[in-house]
Amino acid sequence: MFSMPSRWQGDWRMVLRNKTIELIETRLCEPLNQHMLRTSRLGLHAEGLLFLIELHQRKEFTDGFMNLAGYYSQSQQQKHRSHLITLEIQKAVKESHTDPLTGIANRRAFDEHIRDVWQSAIADRRPVVMFSADIDHFKLINDHFGHSRGDEILIQVAQCLDKVLSRDNDVVARVGGEEFAMVLPDTQLDGGQLMARTAVTAIEMLNIPHPASLVADWVTISLGCSWCQPRPGDNVTELIVAADQALYFAKKAGRNCASYMDVSQQNVALISPWIR
């Protein structure tokens, strides 16, 4: 067997040690070098070389991680703030379109809605019905019971009218002190007459005492109904004016009733009441 001279054995061990160090540095440490800083220490062991390798986090890595975490945190906070701002805007818009007393739509919301309905009706060639209604002798309610009781009655009437108009695209709004307006998209004249009669009867059947009324012993409303199938160039004002004219006709006819006007024919007439 070949025996290595003792003077070469030390050199050979040095070569093996250097080769091992090179393998450790290239195979183990270099892949980690982008992320960590390593130091190595060499020692002797009874059976050979002993390596102690220490790996330390690189400062730029930890700083980058902290920056990324901070950016993510700021991003989440920004999203949360944006969400809160969006909610506040939505709340403000809703409040600006809601009557604070009755909780139904206000005049501003109604004006915007009826314009949208009118344009859609022209585009789709569909009819539109509008109601204009007043609580009969409402001033006498305030004079007899006080404004607090008058507000309670306004709320009751508003909620009742809102329930009568059950479709999602039907809208009832308080447009004045005791004045209400309603719009019913895609509704024929006979359907509008039916809903007008239903609204008047529903308020009457609430049986809210009104001893000062000159019409009945309970709260009632007068209602004007207008109908139109608009064409390009027609103005929504025609529908609104016709509803007001029909309401005036109902008041002149004795109140606690409804009348209608066909905008195209400009004829106004009473709507037959329910048989009680």
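Two strands count as paired if DSSP finds at least two bridges between them. With that in hand, I will start in the sheet. One caution before I do: what you see above is a predicted model.

Strand 3 and strand 6 run antiparallel, and eight bridges join them. One of these pairings puts Asp134 opposite Ser222 in strand 6. Strand 3 also runs antiparallel to strand 5, and here the number of bridges is seven. On that side, Val129 has Leu184 of strand 5 as its bridge partner.

How many of the eight residues of strand 3 are buried? Eight of the eight are, so the strand is largely enclosed by the rest of the structure. In a regular strand, side chains alternate between the two faces of the sheet. Here, Val128, Met130, Ser132 and Asp134 point one way, while Val129, Phe131, Ala133 and Ile135 point the other way. Both sets are buried.

That brings me to the cores. In soluble globular proteins, nonpolar side chains tend to be buried together. The largest nonpolar core in this model has 34 residues. Ile135, Val157, Leu161, Phe180, Met182, Ile221 and Leu223 have the most contacts inside it. At least two residues each come from strand 3, helix 4 (138–145), helix 5 (147–164), strand 5, helix 6 (189–204), strand 6 and strand 7 (258–262). Helix 5 gives the largest share, seven residues. There is also a second, separate core of 23 residues, with Trp118, Val128, Val171 and Val236 among them.

Trp118 belongs to helix 3, so named by its place in the count from the N terminus. The buried residues of helix 3 are Ala109, Phe110, Ile114, Val117, Trp118, Ala121 and Ile122. An α-helix has 3.6 residues a turn, so residues three or four places apart point the same way. What covers the buried residues of helix 3 includes strands 3, 4, 5 and 6, along with helix 7.

Does the length of helix 3 come out as expected or not? The helix has 18 residues, and at 1.5 Å a residue it should span 26 Å. Its end C-alpha atoms are 25 Å apart, which agrees. At the N-terminal end, Asn106 acts as the cap, with a side-chain oxygen 3.3 Å from the backbone nitrogen of Arg108. Just after the helix, Arg125 takes a positive phi of about 60°.

Next, a loop residue. Thr187 sits between strand 5 and helix 6. Is Thr187 buried or exposed? Its relative accessible area is 7%, and buried means under 20%, so Thr187 is buried. A polar atom of its side chain lies 3.3 Å from the backbone oxygen of Leu184. Beyond its neighbours within four places in sequence, Thr187 contacts Pro127, Val128, Val129, Arg167, Gly192 and Trp227.

For contrast, take Lys251, in helix 7 (residues 236–252). Lys251 is partly exposed, at 26% relative accessible area. Not counting residues up to four places away in sequence, it touches Asp134 and Ser222. Those two are the bridge partners I mentioned at the start. Lys251 and Ile221 are 30 residues apart in sequence, but 9.3 Å apart in space, C-alpha to C-alpha.

Last, the cysteines. Cys225 is buried, with a relative accessible area of 0%. Cys257 also counts as buried, at 15%. With a disulfide taken as a pair of cysteine sulfur atoms within 2.5 Å, the count comes to zero.

How values were computed:
Residues are numbered from 1 along each chain as its sequence is written. This is a predicted model: local features need pLDDT of at least 70, side-chain atom pairs count only at pLDDT 80 or more; totals for chains, interfaces and linings use all residues. Side-chain values use heavy atoms; hydrogens and water are left out. Helices (H or I, at least four residues) and strands (E, at least two) are DSSP runs, numbered from the N terminus. Buried means under 20% relative accessible area, exposed over 50%, partly exposed in between (1.4 Å probe, protein chains only). Contact means heavy atoms within 4.5 Å. A nonpolar core is a set of buried Ala, Val, Leu, Ile, Met, Phe, Trp, Tyr and Cys residues joined through side-chain atoms within 4.5 Å. The expected span of a helix is 1.5 Å times one less than its number of residues. A polar contact is a pair of N or O atoms within 3.5 Å; within protein, one must be able to donate a hydrogen and the other to accept it, and residues adjacent in sequence count only if both atoms are side-chain atoms.
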